[in-house]
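Q: Please take a close look at one part of this model. I would like the loop between two helices, and what surrounds it.

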Amino acid sequence: MSDAREPLPESAIERNAVNIQRAVVGVCVLLLLADVAFTFLGHRHTHFGFEGYIGVYALVGFVSYVGLVLSAKLLRKLVMRPEDYYDAPVVAAAPVSEPAPVSEPAPATEVAPDTTEDPS
């Protein structure tokens with residue numbers, strides 16, 4: 001009996017990777033054409049001067065993405081555990097004493113009726 005395993009069949013994404021890539025590139029090209037067309041045919045309501053340039057939102061998105069990836073790399077160094085972190089022996093904790101028994105609540109006492117006289 002051999003220990004070799006049969007490879008899994010290709011998933012739908014693996015079979016259609018080229019078509020998916022072409023579709024994403026096509027959508028990007030259409031958005032760029034729409035941006036160019038709207039720049040010359042429409043009127044942009046911008047808050048800052050640099051927003052009027054062609055492709056500025058794509059550039060801002062790309063820079064934000066790169067910043068997110070780089071900050072994740074830095075954060076990984078901060079929170080990364082050693083490779084054998086979960087294989088380390090467990091240190092025995094101090095023995096836990098038994099909890100104190102819960103006592104029954106004291107019975108409610110009856111309140112004597114108010115027998116004071118009204119001063120009026």
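A: What follows starts with the whole chain and then moves to the loop and its surroundings.

This is a predicted model, in which local features need pLDDT of at least 70, side-chain atom pairs count only at pLDDT 80 or more, and totals for chains, interfaces and linings use all residues. Residues are numbered from 1 along each chain as its sequence is written, and side-chain values use heavy atoms, with hydrogens and water left out.

The chain has three helices and zero strands. Helices (H or I, at least four residues) and strands (E, at least two) are DSSP runs, numbered from the N terminus. Along the sequence the pattern reads α-α-α. Of the 120 residues, 4% count as buried. Buried means under 20% relative accessible area, exposed over 50%, and partly exposed in between (1.4 Å probe, protein chains only). The chain exposes about 12400 Å², and carbon and sulfur atoms supply 65% of that. Accessible areas come from the Shrake-Rupley method with a 1.4 Å probe; for residues, only the protein chains shown count as cover.

Now the loop. Glu51 sits between α2 and α3. Its relative accessibility is 13%, so Glu51 counts as buried. Leaving out residues up to four places away in sequence, Glu51 touches Arg44, Thr46, Val56 and Tyr57. Contact means heavy atoms within 4.5 Å.

Arg44 has another partner. Asp35, in helix α2 (residues 17-41), is in contact with Arg44, Ile54 and Gly55, neighbours within four places in sequence aside. Asp35 counts as buried because its relative accessibility is 17%.

Next, the rings. The structure holds one aromatic pair. Phe48 and Phe50 form this pair, and it is stacked, at 5.8 Å centre to centre and 10° between the planes. Rings of Phe, Tyr and Trp (its six-membered ring) pair if their centres lie within 6.5 Å; planes under 30 degrees apart count as stacked, over 60 as edge-to-face and the rest as tilted. Phe48 is exposed, at 52% relative accessibility. Phe50 is partly exposed, at 45%.

After the loop comes α3 (residues 56-79), with 24 residues. The expected span of a helix is 1.5 Å times one less than its number of residues. For α3 that gives 34 Å, and the end C-alpha atoms are 34 Å apart, which agrees. The number of buried residues in α3 is one, so the helix lies largely in the open. Leu70 belongs to α3.
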